[in-house]
Amino acid sequence: MGAQTGGGGVSAAGGVALGMVGGAIRISTPFLFVSLGECITEKSGRVNLGLEGTLVMGAMAAYGVSYLTSSPWLGVLAAGACGVVLGALHGWLCARPRVNDVAVGIALMLFGVGLAFFLGKPLIGPTAPHLPSVSLGWWSASGQVRSALQVNALFVLGLLTTAAVRFVLRKTRWGLVIRTVGESADAARAMGYDIARVRLLATMAGGFLAGVGGSFLSLFYPGSWNEGLSSGQGLMAVALVIFARWDPVRCLLASLLFGGASALGPALQSVGVTSGYYLFNAAPYVLTLAIIVLTSSRDRALLGQPAELRMAR
Amino acid sequence: MGIGVSIGVISPVTEPSPGGAAAVVATAEARLAARRRSVEAFAVPSAAILGALILFGIFVALTGRNPLAVYHEMYRGSFGTWFSFQNTLQRAAPLMLTALATALPLRLGLVVLGGEGAMVLGGLAAAAVGVHLHSPMSVKVGMFVVGALVGGAWVAGAGVLRAYRGVNETISTLLLNYIAIALLNHMVEGPLRDPASLNKPSTLPIGDDNMLGNLPGLDVHWGLAFGVAACLLAWFLMQRTTFGFAARMVGGNVRAALLNGLPVRRLIVVATFLGGLGAGLAGAVEVAAIHGTANASLVTGYGYTGVLVAFIARGNPLGVVPVALLLGGIGASGGLLQRVFDLPDATVNVLQGIIFLSILFSDSLYGRRWARKPAVAA
């Protein structure tokens, strides 16, 4: 790290701020992919709480495949494929009569995490090739700025995916079908659409993105496979979709905000503030909770919420 | 239960309807349907667990091990010997208590996952209070009361948010679990740390004399008795009191409950509080009977296994007892599976996950082959 801080050096507060900006970009990627995935699923009128399990399975699969084939991008694909399978399982179970989608999500979360730990046991230790990163800090002479803006290729892909999801949901026939099923299953049924099939496909697409988000954890940051890899990011991302009001672009902004909150603890630690470390690390959970408390309402339906979800609650 | 007991509105429903033979036929039909339901309530979950065991057997076979040998060892490690059975009982005790945190709100149609956080904070609060009390009896009573109340308040917080603010209780309780664990880590490494605990930061020990002893004639602590008693109490509350009736009515149809003037919001808060009491007590018992101090060992995952217990028991507190024994047994056999078959410790989680999915799938089987449409009396 070239310690050429331009001018009189970066102050501690600046260091924390910079660390949080860098952290926001770095840590937000899994949030972004999972929340985009959940956004698609929820737009079709179904909730998949199991994306935490998908995230961890994706991380494990990506690491394993990247290790075996020495191609991190194949790992990303494998992670997405795992997500598709878990999403299909969720969609299939939820299409049975009287089966509760929230409960299925919890079960898949426990199952996915357990299976990932089971299959990933031999992967603790060996190193797999990582994903490349793109340097966006070339304009700055400060080493700190440049390392903060060392952006991962998946983040760039995430930006493109955000635009793509927005376009598909708003401007295409598929998007219209998904939104119709999510707004009124009866209307969609009357128009001849197969509700269960649309929701199954939407859950599979959501699972794919969540799996890709998991590959970021094991192939870039933190960048190895172990059992403490995810600390509930998949879960927070689901809450984040509510905050983002089911809008892909707001999902991106919310992910950056959450990434910044998650980076608070490590950023403070790097400038020597160590007391209250655990409390600062709990910041994203507290922030999530505060946000859903503030944005929820006792009797008013949430703005932008698919109507079928409203009826399910 | 001072709150929500006075419900005079529902009595007309229970009055016998006037009428002749048609009414008699109708009650006979109803009785038959009730019997069918009680058979189903046992047969469907049993079939689901059997199906899960078959699926897990296939999974084990795919890893190149003999599933029958694995199941034999699992039986030996859980129920097969007196020693392992006591281990199973010891693990089942906290599961009965944490399961209540999910089971009671489940009757109101709420999916609460806050048992883990309530257990962790209950244990922490119990340990913090225990060191300030003196006689062995007051230490225990103080720990259990404080631990249970803290757990109750923690889960009731999510209940309040749900009732008065419409916050999704599933997500809020999961977030509260992470926050609770962060609080535990902060307190045991900071303000409440015993300076003598070097490798594993802990609170001050409550002292060997103040520990919770074993049940007479068993190598199992009193927590088991607490667990069974709490489940019986919860069952009585839910099935035999007006509070329980009102709560189940909310779970059946919120709008009907509201139209009947039931205090739905208060019922939600009370049910989450009572459930949290159980999980908080579980934490206090773990500290008083096993660890003697609060530290990271309190984060056991019992809270999440309790969710599974509650779902398999379909929220029925009486069903929680045998299901907790079953899952306690699965947990107890995990160590043996590691030693004998070199299976990872997550094997138990995989089996639990498969059982959970299978149980949820079985929800679609109720009333399918057995219940025919009642003949319409002309």
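Helices here are DSSP runs of H or I with at least four residues, and strands are runs of E with at least two, numbered from the N terminus. Just after one such element, helix 11 of chain B, B:G292 takes a positive phi of about 75°.

A word on the ground rules: this is a predicted model, in which local features need pLDDT of at least 70 and side-chain atom pairs count only at pLDDT 80 or more, while totals for chains, interfaces and linings use all residues. Residues are numbered from 1 along each chain as its sequence is written, and chains are lettered from A and ligands numbered from 1 in the order in which they are written.

**Helix 11 of chain B**

With 28 residues, helix 11 of chain B reaches 39 Å from its first C-alpha to its last, close to the 40 Å expected at 1.5 Å a residue (the expected span is 1.5 Å times one less than the number of residues). Helix 11 of chain B is mostly covered, as 24 of its 28 residues are buried; buried means 20 or more other C-beta atoms within 10 Å of a residue's own, exposed 12 or fewer, and partly exposed in between, with C-beta atoms placed from the backbone.

Helix 11 of chain B, residues 264–291, packs against helix 6 of chain B at an angle of about 145°, with the axes 5 Å apart. Axes are lines fitted to C-alpha atoms over the stretch in contact, and angles run from 0 to 180 degrees between N-to-C directions. The crossing of these two helices is right-handed, that is, the near helix is turned clockwise from the far one by less than a right angle.

**Where the chains meet**

Across the interface, 37 residues of chain B are in contact with 37 residues of chain A, contact being C-beta atoms, placed from the backbone, within 7 Å. Helix 7 of chain B gives the most to chain B's side, with eleven residues.

Here is the make-up of two contact regions by class:

| Region | Nonpolar | Polar | Charged |
|---|---|---|---|
| Side of chain B that touches chain A | 23 residues | eleven residues | three residues |
| Helix 6 of chain B with helix 11 of chain B | 23 residues | nine residues | three residues |

Ala, Val, Leu, Ile, Met, Phe, Trp, Tyr, Cys and Pro count as nonpolar, Asp, Glu, Lys and Arg as charged, and the others, Gly among them, as polar.

**A:L240**

A:L240 is found in helix 10 of chain A, residues 233–243. A:L240 counts as buried because 27 other C-beta atoms lie within 10 Å. Beyond neighbours within four places in sequence, the contacts of A:L240 include A:F31, A:C251 and A:F258.

Key:
Two residues are in contact if their C-beta atoms, placed from the backbone, lie within 7 Å.
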